[in-house]
Amino acid sequence: MPLRTELFDYDLPERLIAQTPAARRDGSRLLVVDRRAHTVAHHVFAELPDFLRAGDILFRNNAAVLPARLLALRPTGGKVECFLLRPAATAPNEWWCLLRPGRRLPAGATFGREAEFTATVMAKDADGAARIAFVTRRNESVPALARRLGQVPLPPYIHHRHTEEERRLDRERYQTVYADRAHPVAVAAPTAGLHFTPELLERLAATGVRCADLTLHVGLGTFRPVTTETIEQHPMHHEVYELAPETHGLLLAPGPGRRVAVGTTAVRAIEDSLERHPQPLHEPLVADTGIFIHPPREFRGVDALITNFHQPRSTLLCLVAAFLSPGSTDGIAWIKEIYAEAVAREYRFLSYGDAMLIL
C-alpha cells in the first residue's frame with residue numbers, strides 16, 4: 001500500500017532550526033538510538049567513541065562544498081545571482097545554474113563581473129535551470145573562479161548573512177574537516193560529518209575505528225520537500241557519486257566490525273553501489289543515482305547511521321524512518337516519537353544542528 005506523505009510530517013518550531021554552528025564541532029548534542037533495546041539516550045558528539053568499537057568502519061562522504069553563489073551585474077547594471085549547480089556536458093566552462101532574476105535573463109542574455117568573467121545564457125530547461133557559458137580571465141576554470149569569488153551556498157532555511165565575519169565562519173564550518181577541498185563538487189554539505197574534529201578522529205583511530213571515504217556530489221535536490229500525496233509519487237533527484245574498489249570491498253566484507261554510515265548521502269552511495277555491483281569492483285565506480293530510500297526497505301551495506309535531524313516531509317526523513325526498522329513501516333511511528341522528544345528537549349535541527357546515532 002502506498003505511504004501517504006503526511007505520515008512523515010511533524011511540527012518543527014522555527015526557533016529550533018540552527019542558524020549558526022555549535023561553538024565546537026563535537027560540542028553538538030548526540031541522541032543515541034538503540035534499535036534492539038528500543039531506547040534513546042542523550043549525549044554530546046564528543047562521546048561518540050564510547051559507542052563505537054575496534055573494527056567498526058566509518059564510511060564518510062568527503063565531498064567538498066563549492067562556494068557556488070556568484071554575484072554579478074547585467075550590462076544595464078542590474079544585479080544577478082548565479083548559483084552553480086553542475087558542469088554541463090556540452091563544452092568546457094559551461095555549467096547548469098540557477099539565476100535570479102531568472103525571467104529577466106532569457107537565452108542570449110549576458111552578465112558578469114568586470115575583469116573577472118562574462119557569462120552568456122545558452123539555454124534553459126523545463127525546471128528553470130540555465131546553461132551558462134563562462135569566459136574567465138586567464139582561462140580560469142569555473143570551480144577556480146568560484147573558490148576566489150563565490151559565497152557559501154547555505155540552505156534556504158538559514159538566514160541571510162550580512163557581515164563578512166558571518167560569511168567567514170560559514171566558509172570554515174559549512175565544510176567537513178576531511179573534505180577533499182582540492183576538488184569541490186557539492187552545493188550542499190554532507191552535514192552529519194560537520195561534527196567531527198581532527199582530535200575526535202584521532203581518538204576513534206586509537207580505539208581501532210577505521211575510516212573509508214566515498215564522494216557523493218550533494219545537490220540542491222536534497223532540500224526539495226515531498227509535495228506529492230504519496231511518497232512513491234515523488235520524483236527523486238539524482239546525484240553523482242564516486243567509489244573506490246577498496247571502499248566497495250570493505251562494504252562487501254567489513255570484517256568483525258560494523259559499517260557505520262556518516263550521513264544520508266553516504267547511505268545513498270552505499271546502497272546504490274551494492275545494488276548495482278554485489279560483487280567486488282576492479283575499477284573506480286562513478287555513477288548517477290536517483291535512489292529513494294523509504295520504508296519498508298532493507299539495507300545491504302549499513303549497520304549503523306550517524307545523521308542530523310531533518311525537515312518534515314523530506315526524503316531524508318523517509319530514509320531515517322526506514323533505517324529505524326528495516327523491512328517494515330514501524331520506523332514511521334518511532335521516528336515521530338524520537339523527534340517529539342528531541343523537540344521537547346530543544347535539540348537544534350537541520351544542517352547546523354545536532355546529531356543522532358542509530359545503532
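What follows is a working chat about a predicted model, covering its cysteines, its nonpolar cores and a run of paired strands.

Trainee: How many disulfides does the structure hold?
Mentor: The predicted model holds zero disulfides.

Trainee: Why is there no bond between Cys 82 and Cys 97?
Mentor: The closest cysteine sulfur to that of Cys 82 belongs to Cys 97, and at 3.7 Å it is too far for a bond, because a disulfide needs the two sulfur atoms within 2.5 Å. Seen from Cys 97, the closest cysteine sulfur is likewise that of Cys 82, at 3.7 Å.

Trainee: And is Cys 82 buried or exposed?
Mentor: Cys 82 counts as buried, with a relative accessibility of 0%, and Cys 97 is also buried, at 0%.

Trainee: Switching topic, which residues touch the most other members in the largest nonpolar core?
Mentor: That core has 70 residues, and those touching the most other members are Tyr 174, Tyr 339, Phe 349 and Met 356. Its largest share, eight residues, is supplied by helix α6, which spans residues 315-324.

Trainee: What does Phe 349 touch, leaving out residues up to four places away in sequence?
Mentor: With those set aside, Phe 349 contacts Tyr 10, Leu 12, Leu 16, Ile 17 and Ala 18, and it also reaches Phe 309, Tyr 339, Ala 342 and Val 343. There is, besides, a second, separate core of 29 residues, and Ala 109, Ala 119, Val 121 and Leu 149 are among them.

Trainee: Back to α6, how many of its residues are buried?
Mentor: The count is 10 of 10, and the buried residues include Thr 315, Cys 318 and Phe 323.

Trainee: What covers them?
Mentor: The elements covering the buried residues of α6 include the helices α5 (264-276) and α7 (330-344), together with the strands β1 (29-34), β16 (304-308) and β17 (355-358).

Trainee: New topic: how many bridges join β8 to β9?
Mentor: Four bridges join β8, residues 110-113, to β9, residues 117-124, and the two strands run antiparallel. One of the pairings places Thr 110 with its bridge partner Thr 120 in β9.

Trainee: Which residue takes a positive phi in that β8 and β9 hairpin?
Mentor: In that hairpin, where three residues lie between the strands, Ala 115 has a positive phi near 70°.

Trainee: And what about β9 with β10?
Mentor: β9 pairs with β10, residues 130-136, through seven bridges, again in the antiparallel sense, and Thr 118 stands opposite Val 135 in β10. The hairpin of β9 and β10 has five residues between the strands, with Gly 128 taking a positive phi near 95°.

How values were computed: Residues are numbered from 1 along each chain as its sequence is written. This is a predicted model: local features need pLDDT of at least 70, side-chain atom pairs count only at pLDDT 80 or more; totals for chains, interfaces and linings use all residues. Side-chain values use heavy atoms; hydrogens and water are left out. Buried means under 20% relative accessible area, exposed over 50%, partly exposed in between (1.4 Å probe, protein chains only). A nonpolar core is a set of buried Ala, Val, Leu, Ile, Met, Phe, Trp, Tyr and Cys residues joined through side-chain atoms within 4.5 Å. Contact means heavy atoms within 4.5 Å. Two strands pair if DSSP finds at least two bridges between them.
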